[in-house]
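Thanks, everyone. I'd like to take a few minutes on the side-chain contacts in this one. Let me put it on the screen.

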Amino acid sequence: MGRYRKFVFVCSGSDCKKAGCKTLTKAVKSILTLDPHKGKFKLIKTKCMDFCKSGPVMIFENEVFKNGEVEKLRSKIS
Ligand code: FES
């Protein structure tokens, strides 16, 4: 197993860019770098994941988080 235990996939496709994936990426990074999460998660930017109307979109443990659901992600990893 690699260094990281879990991965968060954030779409950086064109529709998600328009919907604010940069802001979402910053918010997710700020969560993942906090103790006790630091070093356990890796954020991976992806191309379009085909949920374009619900952006910005991310996937964590096979679950799709639509419309930038940062708080939902936070509760899943805590
Ligand atoms: S652009 Fe993000 S899901 Fe298509």
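Start with Glu-63, Glu-69, Lys-72 and Lys-76, which a network of salt bridges links together. Keep in mind that what you see is a predicted model. One member of the network, Lys-72, also has a ring beneath it: the lysine lies over the face of Phe-65, 5.1 Å from the ring centre.

Over the whole structure, the search gives six salt bridges. Let me go through some that involve other residues.

Lys-6 pairs with Glu-61, with 3.2 Å between the closest N and O atoms. What does this pair tie together? Lys-6 belongs to strand S1, residues 6-11, while Glu-61 sits in the loop between strand S3 (58-60) and strand S4 (63-65), so the bridge joins parts that are 55 residues apart in sequence. As for solvent, Lys-6 has 32% relative accessibility and therefore counts as partly exposed.

Next, two bridges that each stay inside one helix. In helix H1, residues 14-19, Asp-15 and Lys-18 are three residues apart, about one turn of the helix. Their side chains meet in a salt bridge at 3.7 Å, N to O. Is each partner buried or exposed? Asp-15 is partly exposed at a relative accessible area of 33%, and Lys-18 is exposed at 70%.

In helix H3, residues 70-77, the spacing is again three residues, about one turn, between Glu-71 and Arg-74. Here the salt bridge has an N to O distance of 3.0 Å. Arg-74 is partly exposed, with 32% relative accessibility.

Now the aromatics. The search of the whole structure returns two aromatic pairs, and I'll show one of them, Phe-41 with Phe-60. The ring centres are 6.0 Å apart and the planes are at 50°, so this pair is classed as tilted. Phe-41 is in strand S2, residues 41-46, and Phe-60 is in strand S3, so the contact ties together parts 19 residues apart in sequence. Are these two rings buried or exposed? The cut-off for buried is under 20% relative accessible area. Phe-41 has 11%, so it is buried; Phe-60 has 3% and is buried as well.

One last position, in helix H2, residues 21-32: Ala-27. Its relative accessible area is 22%, which makes Ala-27 partly exposed. Between Ala-27 and Gly-55 there are 15 Å in space, C-alpha to C-alpha, and the two are 28 residues apart in sequence.

That's what I have.

Definitions and conventions: Residues numbered from 1 in each chain as written. Predicted model: local features only at pLDDT ≥ 70, side-chain atom pairs only at ≥ 80, totals over all residues. Heavy atoms only, no water. Salt bridge = Lys/Arg side-chain N within 4 Å of Asp/Glu carboxyl O. Helix = DSSP H or I, 4+ residues; strand = E, 2+ residues; numbered from the N terminus. Buried < 20%, exposed > 50% of the residue type's maximum accessible area, 1.4 Å probe, protein only. Phe/Tyr/Trp six-rings, centres within 6.5 Å; stacked < 30°, edge-to-face > 60°. Lys NZ or Arg CZ within 6 Å of the ring centre and 35° of its normal.
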